[in-house]
Structures are given as structure tokens and as C-alpha cells.
Amino acid sequence: MVVGGCWPTMDLLRSEPMQLVQLIIPIESAHRTISYLGDLGLFQFKDLNAEKSSFQRTYAAQMKRCGEMARKLRFFKEQMSKAGLSPSSRSAENVDIDFDNLEVKLGELESELIEMNANDAKLQHAYSELSEYKLVLQKVGEFFNSAQSRAAAQQRELESHRLGEGSIDSPLLWEQEMVTDPSKQVKLGFVSGLVPREKSMAFERILFRATRGNVFLKQSVVEDSVTDPVSGEKVEKNVFVVFYSGERAKNKILKICDAFGANRYPFVEDLGKQFQMISEVSGRLSELKTTIDVGLVHRSNLLQTIGYQFEQWNLLVKKEKVIYHTLNMLSIDVTKTCLVAEGWSPVSATNQIQNTLQRATIDSSSQIGAIFQVLQTKESPPTYFQTNKFTSAFQEIVDAYGVAKYQEANPGVYTIVTFPFLFAVMFGDWGHGICLLLATLYFIIREKKFSSQKLGDIIEMTFGGRYVIMMMALFSIYTGLIYNEFFSIPFELFGASAYACRDPSCRDATTIGLVKARSTYPFGVDPKWHGTRSELPFLNSLKMKMSILLGVAQMNLGIILSYFNAKFFGSDINIWHQFVPQMIFLNSLFGYLSLLIIVKWCTGSQADLYHVMIYMFLSPAEDLGENQLFVGQKFLQILLLLSALVAVPWMLFPKPFLLKKQHEERHRGESYALLHSYDDPLDMEHRDSHGFHGHEEFEFSEVFVHQLIHTIEFVLGAVSNTASYLRLWALSLAHSELSSVFYDKVLLLAWGFDNVIVLIIGIIVFIFATVGVLLVMETLSAFLHALRLHWVEFQNKFYEGDGYKFCPFSFALLSEEDE
């Protein structure tokens, strides 16, 4: 809670009293007024133009401007992300900037950045093409050089062969070759370029089939990836050259190259021209590289300049957008000089809102001040609880089930204690509790750092519930001390055990047992119980009975809270025909069972409580015999049984008839006071559904069926809910046994081998098993079971949870992702 008079004292049990307020704001001060109310964050606006579309509203043009500016800022953020830059968290020195000037500046920066990107794309395209061209010149030149050298070698070989051979046939053959007409020799054309390596095999097959094998293809692998001029991505490619004969084959080859995305480049056979072209291409590449580097430096500097002020600009645009969005929810009066707003605000914030309106009028130099007036309404107000970082997580647990109806009792007050306590009942081990406490203290100590960071989903959830986990850990230490378990090991922390052996050798301890030698162990379970044959039956009995006592106590608390709800809303019907019979029914059966448990513990009786409860229904008049715990028990049982039987029709019949009578009296005008009472949620639902008119139909059959369902649910739920609390016993037993198994069968077993390696392995397995199973899975399991006990067994006794949250217009709620 904020100190210094800024906030009034808030009652977490009841939501803050709310009021429906009408504001009449002059148009010249409307923008500043809404902005100041956003800074205050205590006014929830109602949409008075719900029937109008977004384009028909008053400030649609301004919303479009804000949307366009937000688009430009998203564009800047994308460009910074691609460049590996991030917006600076430190705001620039010149904080003040006008919205209109910002719009012009963003437009200029966007145009400049788009132009730079376009120029860079052209330069990169030219650079990639020249890089590929240089590869073609090199690889194809190597192929032509090797082919020419092989041809020259073959020519020399043939000439030497002709001179060296003296055969009769040889002159004739050479004469036939020499007389061949040079004009009849075929002139071959060629196409060169690069093709993606993954398509090279298909490219070769299609060329072969399309030309029926009348081409010669030569490919050379490029070792490094090449930047494709079209896509701009790194691609592995092969340099190819295709030799063909005729224009028809050339056209086919060109079409196939286009289909396969092969980039074609010209090539000359002249060796001198080849070297000249390579040198020219290399020179142009170096020039382009220098130009591109200079452009990238300039672009990086521009993006860094944008990054310094990005957060400030982004926040300003978001604020303007939500201000105009809120202004669009206001209606304009017939004179078109004022805007009319309606909304909810806490009653305690009246002075703050009025002061804010006055300040906005002065700062905007308006001649007319805004008018603040409270409206009378029968509409249900929103629910507003002021929470802090400690209570907010517990309130979120309750709100996940349903937001409290306006000013009904808030379970969050009791959840702060009961939730971690019920968790600890299932998780009772003070060693594990200390581990949980250390983990959550790490989050609490470094909460400022974590609050400003982007966390993962699981870490963020854990960090948000750090104070819940801290309370769970503290209560686990407390219950662990009661159970006397530290990683399943008992300690004599509060004195010596009350039990001892009959003789110093303790030879008959396992057969005859121990004897009580000292006074009772002062706190928790006596350490001597652990490891004995009777440990499990004793702890089972203790934890099972304790679960029933805790369950009956919490259900009684829920019913008592329903009384305070009925008292607060002035509903005598719910007090006398819901609260009273429910208390009688629950305590006649399970309250009596709790009494028997306590009496048995105090007297040390051997009575069988199962037998007592079963025959209380089957044979109430039968003599109890050895199961009698106190004088008059038989008479009390009959009285309680009759009371439980009477409570069922008491819950069922009177309430629908009394609601019908109230409805009839209301229409005859005999009970005006009932118009403002909240007698029953059923009656309220009828009034809500008909818009609070005075002529709604009262459907008696619906009300009666609803009350019948409610009665059956409570009667059956009293049994099932009590049984549901036995999960406290089951999970506590499971946690204790798992902890004992890990200690006995892993740690002690490894210790018994008298081997360092086995011991280290055993310790590692024990740590991982403890953390993974007991500190993670068991924590989650106990958390979910405690959640169920609160949502179902506790809250269904009194909590309706059909309200809606107070969501004020506040700049503090603007998130980074909100657009």
C-alpha cells in the first residue's frame, strides 16, 4: 500500500465501493484530460458509441494516423532486428517531442531507410551477378584452356605418328583426312552459366532428353556457397557450359536454363579478352564492395540513431493511440462543443479525479471546466481490489476460478494462509521446505533484475508466484517439524524421545517394544516412531483424522462467510433458509465426527469411529457398548440425525415460496425496500435478465428446480467434499514414503558398498531424484490438489465469482506488445 495519503485504506475482504460517473469535457481540453486520467489510472470508461463502427467515430482519422506511425515503428524495429541492433533502454536527452513533428520525422526516416534499402538491394544484386560472372569466366576458361591443350597434344601426336609410320595404308588415310573440305566442318555454339547444385542432375537429364543427346554438357563444382542474385540467399551451385549445334537446340537450352533458374553469362574464346574481362570484373567488384560497405555503415548509423529514441517514440505513439481510442468511446453533444464520458471509478478516488480534471482545464487554457457528476444506476459495478506484489499472486489464484461479485466476501484474504498451509500438510518435510525457500529467496532478492527481463513461460510463472512459493516453503518447514522429517530423517530437536528400551542392550525392542521413560515429546511426532513397525498405522491414523478436522473446519469457514455475504447484502432469506440449515446439516454429521476424533484423542479410547458413524444411520437406537465415548452420546446422535434430516427440506422448500411472495409484494407496492436489496442471486439473475424492469415474469418452476439442484449438490457435496480432504492424508503419506525410499534405497545403499565411486553415483542419483521427483513433481502435485480444495470444497460454499474486474484506463498497463 502506498504511503503518504495517496491511496486510501483498502479492505481486501470487500471490493472497493464504486460509482458510475459522468464527465462533460470541453473539446479543447478533451485530449489533455484523457491523458491526465491515463496517468492517474483510476477511471474505467464505458463505450457510448458501441453501435458505431471504427470508421464512423469522431477520431477515426487520428486513429489512422497513429496506426500508420505504429506501422513505421514496427518497420524500424524489423530493420534493427535484421541489422542485429536492439532499441536502447536509455531514453535520449531531448525527451519532449511534438506528436505532429514526430509524424513528419518518422515519414522522413522511413523514406530514407526505404531508399537506402533499395539502393543496397541493387548494389547487392549487381555484386552477386558480377561474382557469378567471375566464377564463370574462371571455370569455363579453365575448361577451354584444358580442351585446347589436349587438342594441341593430340595434333602433335598425330603428326608424329604420320611421320614415323611407313605403312602402305597410312598415306592413303592421311590423304583422305587432308582432302576434307574445311567449309563442311560443323561450327558448335555454347551456353555458359551457373545452376543450383541440387538441380544439376535433373538439369543434365532434361538437356539430354530434350535434344536427344545432341549436346555436350560440362559441369564444374563451386566449392563455396554463392549468393544468388535473385533470392539473395546463399546457394551451392555448379558452373556449366553446354555445346550445341543449331538454333533450334539453342532455343531449347535457353528455355531449360530459365526453367531451372540457371543464370547465364557470356563467354569469349579469345584468351586475351578473357583476361581483360576478368580484370574488369574484379575491378568493378572491388568498387561495389567499397560502395556497399559505406552504405551499410551509413544505414547502421541511421538505425542506431533511431534506436536511441525508439522506446520514447513508441511509448508516445501508444499513448496517443489509446487516448484517441478512448476519445472514440465518448459521445459528442448536440452543440459539438463538449464530449460526454461515462465510466466507473472508486468512490475514494473522487477528489483525485476532480483535481485531475481541474489541472487539465488549466493546462489546456480552456475557458470552461469539466463537469463531474455521479449517476444513479442499478447496473452491477466492477470489482476492484488493491493488491501489492505479495497479495497479487494469491488474488490471481482466486480470480482464475472467477472474479468476485461486487463487494462479496473475497476468498483471497483467507487463501493467503489456508492455501500454503494445506499445501504444506501434503508436503511436510522441513528439509524440502528449506530447499524451496532458498530457491524462492533467489527470485525475491533479484526481483528487480528479473522484473525488467524477458523470461520464459515457466520461469515467468514461477517468478510471478515467488511469494506464494515462499509461504508454501515456510509452512512446509512448520509441518515438517511437526512430522519430524528432514529428508525422511527424524531429529530430536525439541528434546529427548519419551520412549526408551527396557534394557541397555535393546534386544527386545523389536519384539516387546519400547516403554515410556520420559514426558511426552513437546512438539510434533516423537522421533522414535520413525522406523518402527507401528509407524505407518500410527501416522495413517493421525494424518487421516487431521485431514478430516482441517476439511470440516475449512468448509465451516466457507458457510460462515456465506452468512456474512447474506448479512452484508441484507438477505434474511439466505441467512435463515440457507446458512442455518447448511450449518446444521454439515455439523450434525461431520462436525460430530470431528468431535468424536477430538474426544478419542483426549481420552485415549479404543472406540471404532467407523462403526459409530455407520450405525448412527443404520441403527440409531442400538446400544453403543464399548464404542461409547461419553455419557448421552446415543441421545445426541439421534438428535443430530433428526436435525440433519430436518435441514434438507428446510433448505429446499421455504426459499422458493418466500421469493415468490416477495415478487408479488413488490408488484403490489407493499415492499419498496426490497427493490434495493440483494436477497438472492437467483432473484438478481431474474432482474438482470429482464433489465431491472418492474414487470418481469417470475418463473417459480425454474427457481424451485434451481433450489432443488442446489440442495442436492450441498447434501451430496458435504459427503464428497469431506472425503476429498483425505487427499491431504494420501499425498502426505506418498511424499513421506517416497522420501524414505530415496534415502534408504539410494543413499544408504550406496553408503553401504564402502566404495567412493558408488557413493558419488548414489549421492548424484539421490540429488536428482529429490529435486526432480520431490521438489518439482511433488510440489506441482500438492499445489494442484491445494488449488482444487480451495476452488471446489471451500469456495463453492459461499463464492459466486460472477463479477468482472475493474480495468481502468491507465498508461501503466501499456505492454510492449500492445498495439
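**Exercise 1. Work out how strand E4 sits in its sheet, beginning with its pairing to strand E7.**

Step 1. E4 and strand E7 (residues 237–244) run antiparallel and are joined by six bridges. Helices (H or I, at least four residues) and strands (E, at least two) are DSSP runs, numbered from the N terminus, and two strands pair if DSSP finds at least two bridges between them. For a concrete point to look at, take Val221, whose bridge partner in E7 is Asn238.

Before going on, a word on the model. It is a predicted one, where local features need pLDDT of at least 70 and side-chain atom pairs count only at pLDDT 80 or more, while totals for chains, interfaces and linings use all residues. Residues are numbered from 1 along each chain as its sequence is written, and side-chain values use heavy atoms, with hydrogens and water left out.

Step 2. Now place the pair in the open sheet of four strands, which has the order E4-E7-E3-E8 and antiparallel pairing. Strand E4 (216–221) and strand E8 (263–265) are at the edges with a single partner strand each, so one side of each is left without a neighbour in the sheet. Ignoring direction, neighbouring strands of this sheet are turned by 25° against each other on average.

Step 3. Add the helices. Helix H5 (residues 200–210) packs on the sheet and touches strand E3 (189–196), E4 and E7, and its direction makes about 170° with that of E4. Helix H6 (residues 247–259) lies across E3, E7 and E8, and runs at about 165° to E7. Contact means heavy atoms within 4.5 Å. Axes are lines fitted to C-alpha atoms, for helices over the stretch in contact, and angles run from 0 to 180 degrees between N-to-C directions.

**Exercise 2. Find the partners of strand E10 and say how its residues are covered.**

Step 1. Strand E10 (residues 338–346) has nine of its nine residues buried, where buried means under 20% relative accessible area, exposed over 50%, and partly exposed in between (1.4 Å probe, protein chains only).

Step 2. Sort the side chains: Cys338, Val340, Glu342, Trp344 and Pro346 point one way, Leu339, Ala341, Gly343 and Ser345 the other way, and all are buried.

Step 3. List the partners:
- Strand E1 (residues 18–26) runs antiparallel to E10 and is joined to it by nine bridges; Gln22 has Glu342 as its bridge partner.
- Strand E2 (residues 44–45) pairs with E10 in the antiparallel sense over two bridges; the partner of Phe45 is Gly343.
- Strand E9 (residues 331–332) is also antiparallel to E10, with two bridges; Ser331 stands opposite Val340.

Step 4. Look at the hairpin of E9 and E10: five residues lie between the strands, and Lys336 takes a positive phi near 55° there.

**Exercise 3. Describe how helix H18 meets helix H21.**

Step 1. The axes of helix H18 (residues 633–652) and H21 come within 9 Å and cross at roughly 150°. That makes the two helices roughly antiparallel. Angles under 35 degrees count as roughly parallel, over 145 as roughly antiparallel, 65 to 115 as roughly perpendicular and the rest as oblique.

Step 2. From H18, Val648, Met651 and Leu652 make the contact, and from H21, Phe704, Gln707, Leu708, Thr711, Phe714 and Val715.

**Exercise 4. Trace helix H22 and its surroundings.**

Step 1. Helix H22 (residues 727–752) has 26 residues and reaches 36 Å from its first C-alpha to its last, close to the 38 Å expected at 1.5 Å a residue. The expected span is 1.5 Å times one less than the number of residues.

Step 2. Its buried residues include Leu728, Leu731, His735, Phe742 and Tyr743. Among the elements that cover the buried residues of H22 are helix H15 (535–569), helix H21 (700–724) and helix H23 (756–794).

Step 3. Just after H22, Asp754 takes a positive phi of about 55°.

**Exercise 5. Is Ser365 buried or exposed, and is Phe487 buried or exposed?**

Step 1. Ser365 lies in the loop between H8 and strand E11 (371–375). Its phi is positive, about 55°, although it is not a glycine. With 60% relative accessibility, Ser365 counts as exposed.

Step 2. Phe487 is found in the loop between H14 and strand E12 (499–500). Phe487 has a positive phi near 55° and is a residue other than glycine. At 17% relative accessibility, Phe487 counts as buried.
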